[in-house]
Amino acid sequence: MSEILVADRLSKHFGGLIAVNKVNFSIMADEVTGIIGPNGSGKTTLFNLISGFFPPTEGRITFFDNEITHIPPYERVIKGIVRTFQLVSVFNSMTVWENLVLSSIRFKEKHVSLRKFFFSSAKDKEIKENCLRALKLVGLQSNAQALTSELSYGSKRMLEIGIALSLNPKLLLLDEPLAGLSDGEISEVIDLLKQIKKNFTLVIIEHKISKIINLVDRLCVMNEGSFICEGNPDDALCNPVVRECYWGKREIS
Amino acid sequence: MGQDKLFPAQNAELPGAFENITLKENHAVEILAIAVFFLLVTPLLSVHRVTDFMIFCIFAMSFDMLYGYMGRLSFGQMLYLGTGAYGCGLFIKYINGNPLLAIFAGVAFAGLLAMLLGLIIVRTTGACFALINLAFNHIGFFLVLSPLRSITRGEDGFGVSASQIGSLNFGSRPIMYGAVFLSLLLVFYFLRRLTSAPYGIMIRSIKEDETRVRFLGYNTFLYKWLTFALAGTIAGLAGALTALNYNYVNPNAMDVHSNVGVVFACLIGGAGNLYGAILGGVIYMLISNFLAIYIYRWEMFLGFSLLIIVFRFRMGVWGYIQRFWVHKLIPRFTKKEAI
Amino acid sequence: MHYTIFYGLTIGAILYFISIGLSLTFGTMRVINFAHTITYTIGVYILITFVIFFKWSFPVGAVLAILAIIPIAYVIERFIIRRLYGDSLDYTFIATFAVALIGVDLIKWIWGPAPYPLSDPIGKYLILFDVSLPIYRVLMVISAILLFILLHLFFKMTIVGKIIIAALDDKDGVRCLGINVDKYFSLVFVMGSALAVLGGIFYAPISSIHPYMGLAILLLCFAVVIVGGMGNLKGTFLSAFALGMLMALTARYWPQGAETMVFIAMAVVLIFRPIDI
Amino acid sequence: MLEIRNLDVSYGYAKVLHDVSLNIKTGEMVFLIGRNGAGKTTLLKTIIGLLQPQKGSIVYAGKEISNLSPERLYLQGFRYVGQEKKVFGNLTVQENIEIAAFASGEPMDVSLKKITSIYPKIKDFLKTKAGQLSGGQRQILLVGRALVGEPKLLLIDEPTQGLAAIVIEEIIHILDSLKKQVSALIVEQNLSLVKQLSDRIFLLKEGKMVREIISKSEESGIQDLEGYL
């Protein structure tokens with residue numbers, strides 16, 4: 001096990017608001033890390049910093065010993081940091097398989113040949129096959145031709161995860177993958193995550209612990225922009241500081 | 001680290017989801033359809049007019065790449081048409097009379113200008129993009145009108161007479177017609193290939209959500225810039241052809257106020273589709289060539305039409321045709337195969 | 001050199017008058033209003049109707065022109081811009097452009113396409129630092145500074161101004177306080193148009209009046225708004241005078257390149273501070 | 001006093017609320033709890049008129065109000081405090097209150113008195129720009145602003161979200177002092193607060209109203225709820 005991503009005293013201020021406060025944080029290879037915490041505790045901001053949505057106010061991030069603090073998001077994706085969004089973001093005006101084209105053509109190597117990118121039809125057999133493989137993994141292959149806007153919210157979430165996986169990430173950041181889904185859809189997503197956790201390093205933000213407790217190897221708890229506890233999921237949950245911030249002052253026996 | 005973690009077994013069997021669905025793209029048929037359309041229209045109008053129509057269609061397609069596909073509304077596309085026209089004309093006037101070289105010079109001028117200005121323009125979006133283009137177009141118009149008067153002859157413009165290469169005389173109507181006809185088909189084919197390739201999906205994705213594309217690992221600036229330069233280059237081709245077709249270049253070729261024509265054409269035809277652009281181009285040219293005689297207040301007509309389009313007719317003619325196709329005709333084909 | 005500075009101040013004043021409306025409509029409604037060109041032009045034409053055709057005095061004509069533009073601006077806001085609110089900004093832009101086209105044609109229809117001359121209504125000069133300055137232009141610069149102070153007070157002191165500032169921050173928040181925001185946006189729009197006409201009235205005697213006069217000035221004002229920051233009142237003021245000065249300086253050495261220089265400045269600003277609308 | 005029947009609301013393509021019914025009696029403090037994305041915020045926004053329901057009715061004092069705009073509802077006594085703690089950042093605290101006072105037609109000093117009575121410390125930063133306030137101060141300003149005029153029904157979205165424990169205490173205190181003065185519908189995730197203040201609790205799950213807990217003495221009910229969250 002080695003550290004693949006290290007965040008060193010990372011801070012982000014929005015005006016007077018300190019969203020992330022001097023966070024030291026590292027992610028081990030092939031590990032599933034869960035980040036939990038109440039609303040507004042800075043989880044999504046932390047993701048935005050790691051994925052390059054905006055630069056940190058201070059601190060630095062290294063990924064495989066290369067500093068990535070100030071490189072743009074697309075370079076981070078090429079390096080292997082891929083994320084999903086809290087509100088599902090897929091391209092609604094396109095068909096399901098077209099959504100996968102852009103991510104899957106950099107499937108095996110960094111880029112497909114220029115000729116292929118600009119001139120071969122997107123319906124080319126090889127591209128289609130790549131799209132279909134990713135769709136099959138998330139169980140959407142029968143909807144390949146449907147318009148994305150017609151999918152249910154749960155299917156869109158699966159599609160988004162499929163897009164992220166087809167980028168072949170070294171580190172996959174999932175921002176509340178279960179938000180807004182029904183119970184049936186949640187268990188589908190959980191099954192998928194269990195299946196892919198063997199091959200990928202995952203970081204999952206989740207508001208509610210119970211759903212992901214069996215999935216994660218390590219649990220980090222955030223509150224008010226800093227980490228108040230991290231470690232083995234069971235230990236973390238028993239930590240009194242965590243209990244207080246999460247459940248209020250009341251003791252649960 | 002480089003190996004594919006997701007699908008170790010490359011020979012995994014594929015579900016047959018794709019087999020029966022897509023009507024296979026056949027560019028040859030599409031090009032033939034367009035060729036036949038313009039050839040059929042020619043006897044009804046005049047050769048000269050149809051040449052004009054086709055040049056405008058090339059221009060409309062270049063605009064559609066920017067607006068329809070990439071979602072960037074430009075109100076300054078005439079700058080590149082004008083640059084193409086002046087580039088071609090000045091080349092013939094001062095350097096060499098060879099029309100093919102001159103077309104190339106015009107296209108190169110326009111393309112280089114678009115590449116240069118694109119570096120700045122592409123940073124903006126929305127109405128800002130439209131206005132910045134308009135501003136640069138305004139500068140261009142002003143430059144050819146007065147500071148560069150000594151070479152461009154200001155308002156008067158100058159004649160363009162290309163020399164003959166062998167039996168190829170661009171002064172003759174049929175030859176010009178043929179050249180434009182070929183250029184149109186070539187541009188259409190080229191853009192059709194581009195838009196149906198992953199690149200086409202890329203620019204449509206940028207239209208919908210640019211941030212998301214950045215998080216798919218693409219430098220969107222590069223692709224926006226490329227599309228902008230491409231649109232400028234093709235507009236330049238339309239400009240060079242205009243110069244040869246009229247044997248004349250004047251500042252009208254760069255007139256800021258003419259931009260509304262191509263916007264109108266693209267919207268009425270249906271933005272986001274090359275057929276829409278061609279259809280819109282033809283519709284606009286028909287109106288401006290034949291109806292304009294009866295429409296005493298031309299700008300007012302354009303203004304009110306644009307308002308109607310914006311409020312009631314956003315899909316454009318091609319959009320309606322397509323919707324009819326999807327709702328009425330496609331189900332009839334697929335019903336049999338589905339079960 | 002004194003004259004150049006003064007000339008720069010004059011241009012800055014005009015740019016400020018016209019761009020303030022553009023900046024405010026953008027700040028509140030997030031709309032770039034192309035029809036601004038046409039309210040401005042129509043205002044100037046109404047002025048010359050009174051001054052040239054009816055031979056009324058210049059100030060009366062000016063007041064009437066500003067009053068006449070208010071209902072026109074209101075109609076544009078109410079029936080075009082508000083109906084497209086929340087839609088793609090491209091459509092708003094096209095629609096306001098269409099309004100500008102209709103307006104230009106209307107002007108050509110009523111007043112004809114030929115340009116009109118208008119003479120300096122005061123015609124007296126003031127000698128200062130060895131340069132003779134037309135009093136009219138001095139007045140123009142003074143009113144621009146006065147307007148800046150007035151606007152500043154308006155937004156600082158009056159409840160209407162404060163509501164507009166609040167709506168810039170959080171439109172829904174103002175709505176949930178029981179305040180009809182649309183009404184205030186209309187007010188901002190009409191106010192911006194009236195100020196543009198005021199600028200046009202000042203500018204009319206030193207430029208030629210023709211149906212397309214609005215376009216060039218709109219593009220310059222657009223540059224002012226970009227350099228100064230959209231919806232930023234102080235920024236608009238400073239950038240209007242800075243660009244005015246730039247134009248005057250350029251014109252001293254390269255008379256034809258004055259406008260081009262403004263756009264180059266805008267391009268430089270855009271390179272360092274890209275904007276998203 | 002407020003009665004919501006069979007409400008369906010969609011957000012773009014996704015249907016967020018399914019057949020939601022709920023009622024609030026005069027003087028009651030009702031809490032709405034549920035997971036992220038369950039549709040709590042959507043419900044509040046629909047009541048205040050920022051969103052339009054597809055189906056169902058909202059009846060207030062015997063009148064149908066589901067098509068009224070937020071402006072009209074304000075005059076009826078509805079007050080909404082959103083989740084984002086958005087104050088008018090470029091204005092001072094005093095000006096923030098002034099706008100509210102202007103809208104309700106109440107004299108400024110009356111409004112100020114109301115707010116100082118629940119939170120005396122506000123006097124110290126009346127001249128500060130609201131944008132420079134801390135999260136807790138913003139929240140208190142927003143709640144205070146909502147008291148201007150004659151509030152009948154407060155709709156508050158996550159008043160304690162992202163705030164420090166001391167500030168939460170303060171907000172609990174303020175809310176407690178408001179009890180019996182006005183009715184309130186409050187979205188909250190902090191169960192200890194809910195337990196302390198609520199008259200009734202509604203649980204929203206995946207856009208459907210799951211259950212209603214009548215009184216806070218029903219300890220087991222609240223124990224159960226933790227499982228849902």
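**Entry 1. Chains C and B**

I started with the contact between chain C and chain B and counted 6 residue pairs in polar contact, both residues at pLDDT 80 or more. A polar contact here is a pair of N or O atoms within 3.5 Å; within protein, one must be able to donate a hydrogen and the other to accept it, and residues adjacent in sequence count only if both atoms are side-chain atoms. On the side of chain C that touches chain B, α3 (58–81), α4 (89–111), α9 (213–228) and α11 (258–272) of chain C each supply at least two residues. Helices (H or I, at least four residues) and strands (E, at least two) are DSSP runs, numbered from the N terminus. I noted that α4(C) gives the largest share of that side, 14 residues. By class, the side holds 33 nonpolar, 2 polar and 7 charged residues. For the classes, Ala, Val, Leu, Ile, Met, Phe, Trp, Tyr, Cys and Pro count as nonpolar, Asp, Glu, Lys and Arg as charged, and the others, Gly among them, as polar.

The model is predicted, so I kept its limits in view: local features need pLDDT of at least 70, side-chain atom pairs count only at pLDDT 80 or more, and totals for chains, interfaces and linings use all residues. Residues are numbered from 1 along each chain as its sequence is written, chains are lettered from A and ligands numbered from 1 in the order in which they are written, and side-chain values use heavy atoms, with hydrogens and water left out.

The contact (heavy atoms within 4.5 Å) takes 42 residues from chain C and 40 residues from chain B. I then looked up the buried area, which is the accessible area (1.4 Å probe) that two parts lose on being put together, summed over both. Chain C and chain B bury about 4000 Å² between them, and 75% of it is on carbon and sulfur atoms.

**Entry 2. Salt bridges at chains C and B**

I count a salt bridge when a side-chain nitrogen of Lys or Arg is within 4 Å of a carboxyl oxygen of Asp or Glu. Between chain C and chain B there are 2 salt bridges. I looked at the pair E299(B) and K108(C), with N to O at 2.8 Å. This pair crosses between chains, from helix α13 (residues 298–312) of chain B to helix α4 of chain C. E299(B) has 12% relative accessibility and counts as buried. The cut-offs on relative accessible area are under 20% for buried, over 50% for exposed, and partly exposed in between (1.4 Å probe, protein chains only).

**Entry 3. Chains A and B**

Next I looked up chain A against chain B, where 54 residues of chain A are in contact with 39 residues of chain B. About 4600 Å² is buried between these two chains, 66% of it on carbon and sulfur atoms. The rule finds 1 salt bridge across this interface. E98(A) and R204(B) form a salt bridge, with the closest N and O atoms 3.4 Å apart. I also counted 6 residue pairs in polar contact between chain A and chain B. On the side of chain A that touches chain B, the elements giving two or more residues are α2 (73–79), α3 (96–104), α4 (114–119), α5 (125–137) and α6 (153–166) of chain A. Of these, α5(A) gives the most, with 8 residues. That side of chain A divides into 29 nonpolar, 13 polar and 12 charged residues.

**Entry 4. Other salt bridges**

Over all chains the count comes to 23 salt bridges. Within chain B, I found E210(B) and K224(B) joined at 3.1 Å, N to O. E210(B) lies in helix α9 (residues 210–214) and K224(B) in helix α10 of chain B, so the pair ties together parts that are 14 residues apart in sequence. K224(B) is buried, at 6% relative accessibility.

I then looked at E95(D) and K162(C), whose side chains meet at 3.7 Å, N to O. E95(D) is in helix α3 (residues 93–104) of chain D and K162(C) in helix α6 (residues 159–169) of chain C, so the pair joins two chains. E95(D) is buried at 12% relative accessible area, and K162(C) is buried at 6%. In chain A, I noted a network of salt bridges linking E31(A), R218(A) and E230(A).

**Entry 5. Positive phi**

Most residues other than glycine have a negative phi. I noted D30(A), which is not a glycine and has a positive phi of about 55°. D30(A) sits in the loop between β2 (17–28) and β3 (32–36) of chain A.
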